[in-house]
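Let's take a stroll through a protein model and look at who sits beside whom. Keep the 3D view open while you read.

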Amino acid sequence: MKIKRSIGILLCCLTVVGTFSVNELSAEAVACTHPAFLVGSPNGTMKSYDDVNGHYEIRGTKYECAKCGYSYWEGLYTVKTGEHLYAPTGLTDANGFPVYSDFCAICGRERGK
């Protein structure tokens, strides 16, 4: 019982500290005049994701303030980086054709979902 209470108190403290640190960073970015931005590579990846049709990346140019670290992206576009890969299981069906896994070997997504 004491351990559960201690863990709960610790999590509460960490949440409060995290909230203050995020608010302080935001306040610093608002107060900064952003004198110079560092420009990332024009085809940098903002996010990678997958859906039923394959693997994708959202790409664009990242600008980051050299003083406070504030960043934003411009020119975002989506690129298909690949298909799902369903590997053979080593088994064959009744007709002698290979049986493939129902899960993508790259991302683990179930076929058709």
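A salt bridge here is a side-chain nitrogen of Lys or Arg within 4 Å of a carboxyl oxygen of Asp or Glu. With that in hand, look at Lys 80 and Glu 83: they form a salt bridge, and their closest N and O atoms are 2.9 Å apart. Bear in mind that what you're looking at is a predicted model.

**Salt bridges**

How many salt bridges does a search of the whole structure find? The search comes up with 5. The table shows some of them, including the one you just met.

| Acidic partner | Basic partner | Closest N and O atoms |
|---|---|---|
| Glu 83 | Lys 80 | 2.9 Å |
| Glu 57 | Arg 59 | 2.9 Å |
| Asp 102 | Arg 111 | 3.8 Å |

Now for how open these residues are. Glu 83 has a relative accessibility of 51%, so it counts as exposed, because the cut-off for exposed is over 50%. Its partner Lys 80, at 37%, counts as partly exposed. In the pair of Glu 57 and Arg 59, is Glu 57 buried or exposed? At 17% relative accessibility, Glu 57 counts as buried, because buried means under 20%. Arg 59 has 23% and is therefore partly exposed. As for the third row, Asp 102 is partly exposed at 44%, and Arg 111 is partly exposed too, with a relative accessible area of 37%.

Arg 111 has another neighbour worth a click. Which ring does Arg 111 lie over? That would be Tyr 86: Arg 111 lies over its face, at 3.9 Å from the ring centre.

**Rings keeping company**

There are 4 aromatic pairs in the structure. One of them is Tyr 63 with Tyr 72, a stacked pair with 5.1 Å from centre to centre and 15° between the planes. Tyr 72 also pairs with Tyr 70: those ring centres are 6.3 Å apart and the planes sit at 35°, so this pair is tilted. Why tilted and not stacked? Because stacked needs planes under 30 degrees apart, and the planes of Tyr 70 and Tyr 72 are at 35°.

Zoom out a little and you'll find one aromatic cluster made of Phe 37, Tyr 63, Tyr 70 and Tyr 72. Within this group, Tyr 72 is partly exposed, with a relative accessible area of 27%. Tyr 70 counts as partly exposed as well, at 35%.

**A histidine and its neighbours**

Next, find His 55 in strand β3, which covers residues 54–65. Is His 55 buried or exposed? At 11% relative accessibility, His 55 counts as buried. Its side chain is joined to that of His 84 by a polar contact of 3.4 Å. Leaving aside residues up to four places away in sequence, His 55 touches quite a list, including Tyr 49, Asp 50, Val 79, Cys 104, Ile 106 and Cys 107. Lys 80 and Glu 83, the salt-bridge partners from the start, are also among the residues that His 55 touches.

**A hairpin to finish**

Strand β5 takes up residues 88–92 and is hardly covered: of its 5 residues, the count of buried ones is 0. What joins β5 to strand β6? There are 2 bridges between them, and the strands run antiparallel, with β6 spanning residues 98–100. If you want to see them face each other, look at Thr 92, which stands opposite Pro 98 in β6. Together β5 and β6 form a hairpin with 5 residues between them. In the turn you'll spot Gly 96, which has a positive phi of about 90°.

Key:
Residues numbered from 1 in each chain as written. Predicted model: local features only at pLDDT ≥ 70, side-chain atom pairs only at ≥ 80, totals over all residues. Heavy atoms only, no water. Phe/Tyr/Trp six-rings, centres within 6.5 Å; stacked < 30°, edge-to-face > 60°. Buried < 20%, exposed > 50% of the residue type's maximum accessible area, 1.4 Å probe, protein only. Lys NZ or Arg CZ within 6 Å of the ring centre and 35° of its normal. Helix = DSSP H or I, 4+ residues; strand = E, 2+ residues; numbered from the N terminus. Pairing = 2+ DSSP bridges. Polar contact = N/O pair within 3.5 Å; in protein donor to acceptor, adjacent residues only side chain to side chain. Contact = heavy atoms within 4.5 Å.
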